[in-house]
Amino acid sequence: MRQALVLVDLQNDFMPGGALAVPEGDRVVPLANHLARTFDLVVATQDWHPADHGSFAAGHPGRQPGEVIDLHGLPQVLWPVHCVQDTPGADFHPDLDRSRITRIIHKGTDPQVDSYSGFYDNGHRHATGLGDFLKEKGVTGVFVLGLATDYCVKATAIDAVRLGYTTWLVEDACRGVGLHPGDIPAAIQDMIRAGVALTRSGQLMPPEIESLTPHPGPYGRTEGSVRPLQRQIPGRLLEESGPATLQTDREGDRKA
Ligand SMILES: [Zn+2]
């Protein structure tokens, strides 16, 4: 089995202080660098929008970021202007070690449709080239990390499963937007349901990578590596989020 590491959108605009800041987004970068040294194939996605992209609230008079509109037949969350092609906000975080990145995949380049997944646009009409690249390289297993858990990471991981890759989410190397309470744990639950297995960066030192032999379960996930969500998620949020976020996320999780 050949495994690839997919780094999702580790760009300045998604970092604290950026146009679409993901809380603690920068904490993912050192983990990405560490893990990139243990994989021989590393791919990075980059949200890469034209200045008039349809996901920008600024292009829809009277609308605010966070509102949902119909964009050419698809529900679209409106965002602040972010990751505009060839601007500093679209650059990778300055601390990201690019020397390990074999291929950069641009997504969101069509102004008419967003692209959360690194594989396809949100309408699944056009491929970005990531699937073909991984296939060409003989990859059968994919480890996904980055930003943001509840949007681009989730869509990328779920598409990877659908394309037949054994897929792991490196859970501690992701951070979410959390637009609504409970969004982040719900996203993780959606990924598990789709067949994504959870792992953590500390488990991915080289010998452990070799020993992770997947046995797809009823939904294609690795049996035994995924504990029930209720026991698994809240403790992790406790480690990774501030108390306020924890409170709302756990509240949302219980209601869900
Ligand atoms: Zn975007």
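I started with confidence: the chain has a mean pLDDT of 85, and 80% of its residues reach 70 or more (pLDDT is the predictor's confidence in each residue, from 0 to 100). This is a predicted model, where local features need pLDDT of at least 70, side-chain atom pairs count only at pLDDT 80 or more, and totals for chains, interfaces and linings use all residues. Residues are numbered from 1 along each chain as its sequence is written.

Next, the weak part. Over residues 213–256 pLDDT stays under 50, and the model has 55 contacts there beyond four places in sequence (a contact means two C-beta atoms, placed from the backbone, within 7 Å).

Then I looked at the whole chain. I found seven helices and eight strands, which are DSSP runs numbered from the N terminus (helices are H or I, at least four residues; strands are E, at least two). Of the contacts with a separation of 6 or more, 72% join residues 24 or more positions apart. Buried residues are 45% of the 256 in the chain (buried: 20 or more other C-beta atoms, placed from the backbone, within 10 Å of the residue's own).

Helix 3 came next. It runs over residues 149–162, and 13 of its 14 residues are buried. Just after helix 3, I noted glycine 164 with a positive phi of about 95°.

Last, helix 4. Why does its length look right? At 1.5 Å a residue, the twelve residues 183–194 should span 16 Å (1.5 Å times one less than the number of residues), and the end C-alpha atoms are 16 Å apart, so the two agree. Its buried residues include Asp183, Ile188 and Ile192. Just after helix 4, glycine 195 has a positive phi of about 115°.

Conventions: Buried ≥ 20, exposed ≤ 12 C-beta atoms within 10 Å, placed from the backbone.
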